[in-house]
Amino acid sequence: MKIKLKTIVLSWVAAIVAVLPFSVSQAQDMEQFVPALVYRTGPYAAGGSGFFGGFEDYMAYLNLSDGGVNGVKLVWEECETAYNSDRGVECYERLKNKGEHGATVVHPLSTGITYRLIERATADKIPLISMGYGRTDATNGKVFPWVFPLITNYWSQNTAKIKYIGMQEGGMDALKGKKIANLHHESSYGKETVPILEVQAEKYGFEVKHYPVAHPGLDQKAAWLDIARRYKPDWVILRGWGVMNPTALKEAARVGYSADRIVGVWWSGAEEDVIPAGDAAVGYVAAGFHPSGKDFPLIEGILDVVHGAAQGNISPQRVGTIYYNRGLVAGIVTVEAIRTAQGKFGNKVLSGEEMRWGLENLNISAERIKELGADGLMAPLTITCADHEGGGPVKFSRWDGSSWVEVTDWITTDKSLVDPMIMDSSMAYATEKGITPRSGMSMGSDCG
């Protein structure tokens, strides 16, 4: 009897072993790999940890609630860049070949790293998503087919910022003769808006003076003394990152410059930027392409499913903050592009080329946003082969000491000003690099 039972068990084991390699192979084939170039340490950790906390929570939510995306599980691996461009390149090289078809898409979350990866990702045929940051002229998909500054690029955002200032002054004509100080992080990120500000200053008749602040931005005393005592601008644009932001608000208060005359970029407008500044931040206004807050069905679902199962990728207290919600928006555009590509290529693991098609045919309607439980979290978005931005509008919010309060509706950006600049700059890049821009049937075969 024992021998017979042993024989039966061995037969079962043999049968399982015979099936197992096929099953494992199938499971691996159905995993879409997304690398995470995070920074959870250093002076920019608040942004990096918040963003990727939201991004990873969204992927975990889809895996737990839906089994992934149409049967394809989302998997990821973190690599710590510390917001350092060299380390960002190392992380990209370490992760780009993971998964069945390599990296699906890369979010560098750094303008400097984005610049460094453009040629590598183009050669590797891996889409780069620089949502709300990065190289602005990469909006031209004819010259940069693998780079996606989705939603709103830096130059577009700057036109909305000047519109907001114009609204406070009584109209764009009232900007004539005004003075604006541009206090910016001394990096490729910080310098990105200098050209558009110069063009806008000439168009509207205001004066602009640029104040670079060296990394990480803790030493601003001399700049603020010059701003408050000598230059005396009507407005200050704060283009900081990480610890530079609360430092700027404290220094402004120290020299008596009112916070309600400072307008921040969306990388200077999170809870982690204002809470450490205390009362010095009250009245400060920042741009944004999404709000903060937890009052969305999607976030309620994530708290219940992901954090309820103790699988959250950030502390529950930070869920719903600006940086967290930005990560959620990044997760939505990434997954919706995967769904779009699956609609053409089938419900399978996608290659980078297939993912690019999904991005270039991305259309996230208001109805779809509502279906996702994210109504009000982001504006509708349409991407084309030529336009890798989507021209999204911008909102402004004021910090009241305990929360961000929206003070405007969506403000459209000035494409009539930005588009010609993008065309000139991108075509100069094409000439410098010997790139033949996509056009005609080539665009059709690549995109349609």
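A cavity is a set of grid points where a 1.4 Å probe fits but cannot get out. In this predicted model, a search of the whole structure finds two cavities of 30 Å³ or more. The largest cavity holds about 80 Å³ of space. Its lining consists of Y39, Y83, L109, S110, T111, Y133, Y154, Y189, W241 and W267. Eight of these lining residues are nonpolar and two are polar. None is charged.

The second largest cavity holds about 50 Å³ of space. I151, F289, M378, A379, P380, L381, G392, P393 and W410 line this second cavity. Here the division is eight nonpolar residues, one polar and no charged.

The strands come next. Seven of them form an open sheet with mixed pairing. Their order is β6-β5-β7-β8-β9-β12-β13. Strands β6 (207-213) and β13 (404-406) stand at the edges. Each has a single partner strand, so one side of each is left without a neighbour in the sheet. From one strand to the next, the twist averages 25°.

Two helices pack on this sheet. Helix α5 (residues 154-169) touches β5 (179-185), β7 (235-239), β8, β9 and β12 (395-399). The direction of α5 makes about 155° with that of β7. Helix α8 (residues 221-231) touches β5, β6, β7 and β8. The direction of α8 makes about 160° with that of β6.

Strand β5 lies between β6 and β7 in the sheet order. Six of the seven residues of β5 are buried, so this strand is largely enclosed by the rest of the structure. Buried here means under 20% relative accessible area. β5 pairs with β6 in the parallel sense, over seven bridges. Within that pairing, L183 has Y211 of β6 as its bridge partner. β5 also pairs with β7 in the parallel sense, over five bridges. There, the bridge partner of A181 is V236 in β7.

Further along the order, β8 (residues 262-264) and β9 (residues 285-288) pair in the parallel sense. Two bridges join them. V263 has V285 in β9 as its bridge partner. Helix α5 touches both β8 and β9, whereas β8 is also among the strands touched by helix α8.

Methods:
Residues are numbered from 1 along each chain as its sequence is written. This is a predicted model: local features need pLDDT of at least 70, side-chain atom pairs count only at pLDDT 80 or more; totals for chains, interfaces and linings use all residues. Side-chain values use heavy atoms; hydrogens and water are left out. Two strands pair if DSSP finds at least two bridges between them. Helices (H or I, at least four residues) and strands (E, at least two) are DSSP runs, numbered from the N terminus. Axes are lines fitted to C-alpha atoms, for helices over the stretch in contact, and angles run from 0 to 180 degrees between N-to-C directions. Contact means heavy atoms within 4.5 Å. On a 1 Å grid over the protein atoms alone, a cavity is a set of points where a 1.4 Å probe fits but cannot get out, and a pocket is an open set with protein on both sides within 12 Å along at least five of seven lines; lining residues have an atom within 4 Å of a point. Grid points are joined across faces, edges and corners, and a volume is the space filled by probe spheres set on the points. Ala, Val, Leu, Ile, Met, Phe, Trp, Tyr, Cys and Pro count as nonpolar, Asp, Glu, Lys and Arg as charged, and the others, Gly among them, as polar. Buried means under 20% relative accessible area, exposed over 50%, partly exposed in between (1.4 Å probe, protein chains only).
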